[in-house]
Amino acid sequence: MSVLASSRSGKPRVGLFVTCLVDLMRPSVGFAAVKLLEDAGCTVEAPVQTCCGQPAYNSGDRGTTRDLAMRIIETFQEFDYVVSPSGSCAGMIRKHYPELFEEDPNWRAKASALAAKTFELTSFLVDVLGVTQVDATYHGAVTYHDSCSGLRELGVRTQPRLLLSSVRGLTLVEMNDSDVCCGFGGTFAVKYSDISGSIVDAKARNVEAAGAPTLLAGDLGCLMNMAGKLSRGGKPVQVRHVAEVLANMTDEPAIGLPREAALKQDQP
Amino acid sequence: MTVHTTSPQFKQNAARALHDPQLQKALNNVKQGFIDKRQAAADKLPEFEALRDSARDIKNHTLEHLDLYLEAYEQKVKASGGHVHFARNADEAREIILSICREAGARTVTKGKSMISEEIGINHYLEANGIKPVETDLGEYIIQLRNELPSHIIAPAVHLNATQVEQDFRRVHTHLDAKRDLSEPVQLLTEARAVLRERFLAADVGITGANFLVAETGTSIIVTNEGNGDLTQILPRTHIVLASIEKLVPTLEDASQLLRVLARSATGQEMSVYTTFSTGPRRSGDADGPENYHVVLIDNGRSAMLGTSFEEMLRCIRCGACMNHCPVYHAVGGHAYGWVYPGPMGAVLTPSLIGVDKAGHLPNASTFCGRCESVCPVRIPLPKLMRHWREREFERHLTPASVRSGLSLWSFFAKRPALYRLATRAAMATLGFAGRRRGRFSWLPLAKGWTKHRDFPAPQGETFQARWQRERKGGTA
Amino acid sequence: MSARDEILAGIRRSLGVKGNETIRRQIVQDRLERAPKGVVPARGQVSGEERIALFRTMAESSLATVTEVGTPAEVPQSIALFLRDHNLPATLRMGGDPRLKAMPWSETALEISQGPSEGQDLNAVSHAFGGVAETGTLAMISGPENPSTLNFLPDNHIIVVSAKDIASDYESVWSRVRFAFGKGGMPRTVNWITGPSRSGDIEQTLLLGAHGPRRLHVIVVRE
């Protein structure tokens, strides 16, 4: 792993942008991200935070978006890096924050500075830290969905696959159209639920056809959408964030599975 | 507005499309055909990405000097013996076309595929004035028989299956043997070829669109695979070219750059079968070709897009790659969009042309997956432009009240981190507890749209920030 | 104000153009004069045998058939053979191209007729202005020598092209057109033809012979 110039400790100081969905729905993903970053030699902090503003941004509310973006910028500007277990939220900061402040040179400079040091988790590990393997075991086949923002805004495609290839016991089976949208699209899934339902139906069929018992991806929104569709269709596919597998933290039940059953199973 | 729109009923249109098994079957052809072919064509040409940049730059340059290139083009067309007409809007364009047809004493008019002709609704207008328009592109011919709009800008009948086409041919071609075999697509093609051959030879006027207009030479360019556009323009005595003003390019070299990305992006061909460069009417000594050559340059809202954030949309060369790669288009097809232009390019262009009050759904009905932008040969940032429309709607209070109130509730908390932490901690604890046995909800208040089609996974219970504070003693908080 | 003037004024307003346009006009004039080439793919930048071979490969991949003959005098026999092999009648329509007229048609049993097509001809032959190796495209020029209708109405279209006229790229064809017709001049029609007519409009299934020729046969004359 490369050594990076940084704060007093000599370790890169990373601010974890945990994202709303991970914060609220699945904190274990955040802790998996922390473990991966710490194992890779980073100091990780998670300052008090809320939303990056993407829901407002995509609903056309630039004013609210700017307010929220200013908070994020002020909260995270002190770190060497900002890392997020989400291509969508990292993409919001990296690609869209500078655009938000086009007419405000002062804030645009701050937004650009933050954008330049903000990364999606797996691409940070691989592209910035030079990590090529993780210490994890996961038995069985997995298939991987490329979430749109990560893939097309940040170029996240090979990085998670490279890291997964180092997981003991794991084989990656590619599904058809892994790069096609799952139909989540934030508020789209609610505003145009019928269309979203049809798109995620096609995705679920591709997941099922791949035949792997586990589905992984790097964005919790997509994962909840796909997990919800698979469970509605009675498909026994375990759905997890890729960070959980890479961090060897798969004790928590998969997305949408009961907690109590898992607790019972864990007791000898 | 020129052609009736059902864009305001986008949701109902989409619901109908999703429940139409014939349509769903036909849409599979889009998913399977175009995408792999485009990718293969792009992979075979190492310069493809550089050509996309070049295509974008040529269009940008032309748009920045559009007035001057239009003047140069007009001068060249006149010098070659052709006529140039300017139309501010659809009404003017239709009147100009009708008067040219009348002057030519036209009874029937053949037509090459042209989206601008759909935009101005010329067929119905000519018919109402006693002139019979005949679409000659196979797909356009089929949808004309059905009195439909195209559902795709390069494959107008992509929403239909062969059996539907067979039924239409039997209904309309009543002069043919009722017992003929039409079970194979090739038999349908052969029949259309024979029927249309007579129309080509009998037509008094031929109307085509233009993929590009060349300022350097006063040339109009059409691109087809069937050859119908050529028969439309060389057989009748009068050829009318309809083109919107943004079709200009400076030179033949510039046109060649754009042609290198057009077919590859559209159908995955290295080059379309017929690329035709027409300059003026027949020359002395010529044995064939039109005696009269007219160009109708149509603005219909374009000049007002220049200098705005939607100017980039005027780069569009109508290849259809954006819709070929769009998950929403794949799900609902083109007719759901409710006007002439479907898919991502339609979601940006339609509000410009018919008003965002009518077409407001279109730029919202996107997941912003970005696949359209990633394949656009002229690199139009389609999601960004759709977002611009959403901003206009928000400013004009056209955003639905439910979305606005949900959003303001969310941002109220998001701007108050302490309150946010309290509220989310309580909410997630409740939801987590309620969902602990099943791990998911098949129904939730306020999330009906979600749970109609999929379960809502239960949260783990404690929020990340609560646990972080507990375990790591608060981080920097 | 006329529609024309109003549209042009609207464009200038939208673009924020005011007053003196000397610089803009100069930019436009320069571009029209210089006609920069842009990105020309390396694929076609080969010469001699390699270029002919590339032309042939690309034309065949567009579903044309290609044959080569040594001299113009061999063209009539080659066409007769092609028609016989495909069970086609020994008839042929052509324009007044002197290169075609000079060929020894009387050595064959072909029934030759001259002039544009009115839609009844099964077979036609035209002489190309040039070819483009990059995509296996033929460049045809309208006129009494090679009427445009011959390119589209017959079922079987045969195009003769001289090997020396097969260029690397489209740009080379344009410079020949400029040489022949003057800068800014064009023949009434230039047809680029890449393969036989086709349609995918019914269930996206590729079918040949939509409105134009079902077969495109290219004869490359080496000499």
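Start by selecting chains B and C together: 64 residues of chain C are in contact with 78 residues of chain B. Keep in mind as you click around that this is a predicted model.

**Stop 1: the chain C face**

Stay on the side of chain C that touches chain B and colour it by element. Those giving two or more residues are the helices α1 (3-15), α2 (22-34), α6 (149-152) and α7 (170-181), plus the strands β9 (189-193) and β10 (198-199), all of chain C. Pick out α1(C) next, since this helix gives the most to that face, with 10 residues. Now switch to colouring by residue class: this side of chain C divides into 26 nonpolar, 26 polar and 12 charged residues.

**Stop 2: strands across the boundary**

Select residues 274-278 of chain B, which form strand β9 of that chain, along with β9(C). The two strands run antiparallel and are joined by five bridges. For a spot to zoom in on, show B:Ser278 as sticks and look across at C:Thr189 in β9(C), which stands opposite.

**Stop 3: chain B by itself**

Hide the other chains and zoom out. What are the rough dimensions of the box that the C-alpha atoms of chain B fill? Along the principal axes, the box comes to roughly 95 × 60 × 45 Å. Switch on the cartoon and you have 24 helices and 12 strands to step through in chain B. The chain has 477 residues, 60% of which count as buried. If you like contact maps, try one here: taking contacts in chain B between residues at least 6 apart in sequence, 75% join residues at least 24 apart.

Then make two selections from the domain assignment of chain B: 20-303 for domain 1 and 416-472 for domain 2. Put a pseudoatom at the C-alpha centre of each domain of chain B, and the separation is 55 Å.

**Stop 4: over to chain A**

Bring chain A back. Here 55 residues of chain B are in contact with 62 residues of chain A. On the chain B side of this contact, the classes are 25 nonpolar, 15 polar and 15 charged residues.

**Stop 5: two annotated spans**

Finish inside chain A with residues 14-94 and 142-226, which UniProt lists, in an unreviewed entry, under "domain: Cysteine-rich". Select 14-94 of chain A: the span is 57% helix and 12% strand, and its end C-alpha atoms lie 16 Å apart. Then select 142-226 of chain A, where you get 51% helix and 15% strand, with 14 Å between the end C-alpha atoms.

Methods
Residues numbered from 1 in each chain as written. Chains lettered and ligands numbered in written order. Predicted model: local features only at pLDDT ≥ 70, side-chain atom pairs only at ≥ 80, totals over all residues. Helix = DSSP H or I, 4+ residues; strand = E, 2+ residues; numbered from the N terminus. Buried ≥ 20, exposed ≤ 12 C-beta atoms within 10 Å, placed from the backbone. Contact = placed C-beta atoms within 7 Å. Nonpolar A, V, L, I, M, F, W, Y, C, P; charged D, E, K, R; others polar. Domains from an automatic or database assignment. UniProt positions renumbered as here; feature names shortened; annotations may be inferred. Pairing = 2+ DSSP bridges.
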